[in-house]
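The exercises below are meant to be worked with the sequence and the coordinates open side by side. Try each task before reading its solution.

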Amino acid sequence: MLEAQLDASVAMFILLGFGLLWVAFGWFLGRNNRSIDDFALAGRNVGLAFATATAMATWITSNTTLVAPQLTYQFGVWGMVGYSMAALGLLLFAPMAARIKALMPHGFTSGDFIRTRYGKSAWWVFMLISLCYAIGWLVSLGMAGGILLSSLSDLDYHTGMSAILLICVLYTLLGGLKAVIATDFVQSLLILAGVLIIAWVCIDTVGISEIHSKVSEWQPELLNLAFPAAIMFLFNNIFFGIGEIFHSNVWWSRAFAFKAGIGRRAYFTAGLLWLPIPIVTGFIALSAMSLGIVPPSADMVGPLVAAKLLGSIGAVFVFVVVFSALASSMDSLLAATSDLLTQDGYKRLLRPKAASDELLKANKWIVVGLGVVTWLLCLPKMATLGALLNFTGAFVASTIFPIVFGLYHPGLTGRFAAAAMALGTLCSLILYFSIGFYVAAISSCLVSFAVCLLGLWLKPGRFDWRLFKEAKDVSQ
Amino acid sequence: MYLSESLLALLVWIALIGTALAPLVLLLFYALDLKDKSLW
């Protein structure tokens, strides 16, 4: 452990205090949950403030606070600008959220959409991609929890990872989506305040001039605007971010949960507000050289710089910020993935006639099960956060065009949508291993797009949009 | 082609101001929703 600022007992005390606070909040908000609609979709009546905050806070993850500095440390200016381009996902999803709510006012999951629009074969491919992504993201969040605590305190990786997972599982279990959304609102305010203070102290203590001069002297490539790998990363990240948002049930479940007419405004505002955050968190990493910090792994650069800048009280502060960022995404992912498994797995495949009470119970057990699986996968620290995250890019970007055509064009058939997702993923996995992570998402998206166009050209279908209205409300 | 100090400063300050606006916008939305009784 390097640059430890907190001893184990202080770190444990903060963890317990925050854990109890969120769990109690979760219980309070979830005490009136009676049906699966209440638990999984917050009663389908979320207003603009909570809608915007939850979209933004969920997208501010451990990756924004840990991976954006890591990428800036590795790719320089394009690392932080490239990461901020992930906001495009939220901005472009805004009109889609309105379309989703209009097409499927009683819909539940992204799986519902794919199954009704494209049929079973595309649904299986989509579910496989969705679950690989969800587990990859959950594991990256769990690992981030462990990395955070081991870099800021005497606690080890396994204690931090286990504690953060346990807290998130408990309050998601008690409060459902309502607790997730309300805690997201508070967490987004905490994160934003924290990021601003750390950046301000960084500018005040080190100074932009000093940072620029040290980077120019020791690692000028980080300021090179024609850094080839970094430019490739920029474009790759755009497609990765869009793919993550377009396909994931995290964002679809919110589109269903927001009040009618709110989705478009909430996602658009959240995208605009999120855009500058990775630049601020990434910039902090550039001061590592001025501060004489050499992180043992690139994903620890953010917390180490913040701890060095703010001292021991600052370490507490940094801990709270990153913990909030982690929790705001982990709870959303637990809730949305358990919805997907409940509706598309338990109900569709095992118990088609299950009533709301039974689904509610199943949903809660699935939250617990997901927590256990994530914990087991996090035990061996298999990859760096960035590597794990970018691996999932190979999967998700293949869903972009099948989703877009599925929502707006009646011509794409299920067979070609399934082929687009499968071939896009396969090709990008080959390129991921043979070239590098920075080509995975872009190649996945392009191959999938080509297959979609081929399908529209060779064998166009004529989907009847009314089928969405006729599809039986899965919550009933 | 390398990023100059002034351009880096401009980028960081714009991002910082944008980030500072975010909590204000969220609190404004919250106040409006609370007033209209449309939080949930």
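**Exercise 1. The second largest cavity**

Which helix of chain A supplies the largest share of the lining of the second largest cavity, and how many residues does it give?

Solution. Keep in mind throughout that this is a predicted model.

Step 1. Begin with the space itself, which for the second largest cavity comes to about 100 Å³. Of the 13 residues that line the second largest cavity, those closest to its centre are A:Trp59, A:Tyr83, A:Ala86, A:Glu244 and A:Leu389.

Step 2. Assign the lining to elements: helix 4 and helix 11 (228-247) of chain A each contribute at least two residues, and the largest share, four residues, belongs to helix 11 of chain A.

Step 3. Sort the lining of the second largest cavity by class, which gives seven nonpolar, five polar and one charged residues.

**Exercise 2. The largest cavity**

Describe the largest cavity by its volume, its lining and the elements that build that lining.

Solution. Step 1. Searching the whole structure yields three cavities of 30 Å³ or more, and the largest cavity has a volume of about 140 Å³.

Step 2. Locate the lining residues of the largest cavity, among them A:Thr65, A:Pro69, A:Val195, A:Ile198, A:Thr281, A:Ile284, A:Gly302 and A:Val322.

Step 3. Map the lining to elements, and helix 4 (62-75), helix 9, helix 14 and helix 16 (301-350) of chain A are each found to supply at least two residues, with helix 16 of chain A giving the largest share, six residues.

Step 4. Classify the lining of the largest cavity, and the result is nine nonpolar, three polar and no charged residues.

**Exercise 3. The second largest pocket**

Which elements of chain A give two or more residues to the lining of the second largest pocket?

Solution. Step 1. The second largest pocket has a volume of about 160 Å³, and its lining includes A:Met12, A:Leu16, A:Gly19, A:Val23, A:Ala163, A:Ile167 and A:Leu170.

Step 2. Helix 1 (8-30) and helix 9 of chain A are the elements that give two or more residues to this lining, and helix 1 of chain A gives the most, with six residues.

Step 3. By class, the lining of the second largest pocket divides into nine nonpolar, one polar and no charged residues.

**Exercise 4. The interface of chain A and chain B**

Characterise the contact between chain A and chain B by its residues, its buried area and its polar pairs.

Solution. Step 1. The contact draws 43 residues from chain A and 26 residues from chain B. Together the two chains bury about 3,100 Å², of which 82% lies on carbon and sulfur atoms.

Step 2. Between chain A and chain B the count of salt bridges is zero, whereas 11 residue pairs, both members at pLDDT 80 or more, are in polar contact across the interface.

Step 3. On the side of chain A that touches chain B, the elements that each supply at least two residues are helix 3 (48-59), helix 5 (77-84), helix 9 (157-205), helix 10 (208-218), helix 13 (263-274) and helix 14 (277-286). Helix 9 of chain A gives the most to this side, with 12 residues.

Step 4. That side of chain A comprises 32 nonpolar, eight polar and three charged residues.

**Exercise 5. A salt bridge**

Which residue forms a salt bridge with A:Asp112?

Solution. Step 1. Over all chains, a search of the whole structure finds six salt bridges.

Step 2. The partner of A:Asp112 is A:Arg348, with the closest N and O atoms 3.3 Å apart.

Step 3. This pair links distant parts of the chain, as A:Arg348 sits in helix 16 of chain A and A:Asp112 in helix 7 (residues 110-118) of chain A, 236 residues apart.

Definitions and conventions: Residues numbered from 1 in each chain as written. Chains lettered and ligands numbered in written order. Predicted model: local features only at pLDDT ≥ 70, side-chain atom pairs only at ≥ 80, totals over all residues. Heavy atoms only, no water. Contact = heavy atoms within 4.5 Å. Buried area = accessible area lost by both parts, 1.4 Å probe. Salt bridge = Lys/Arg side-chain N within 4 Å of Asp/Glu carboxyl O. Polar contact = N/O pair within 3.5 Å; in protein donor to acceptor, adjacent residues only side chain to side chain. Nonpolar A, V, L, I, M, F, W, Y, C, P; charged D, E, K, R; others polar. 1 Å grid on protein atoms, 1.4 Å probe; cavity = no way out; pocket = protein on both sides within 12 Å on 5 of 7 lines; lining within 4 Å. Points joined across faces, edges and corners; volume = space filled by probe spheres on them.
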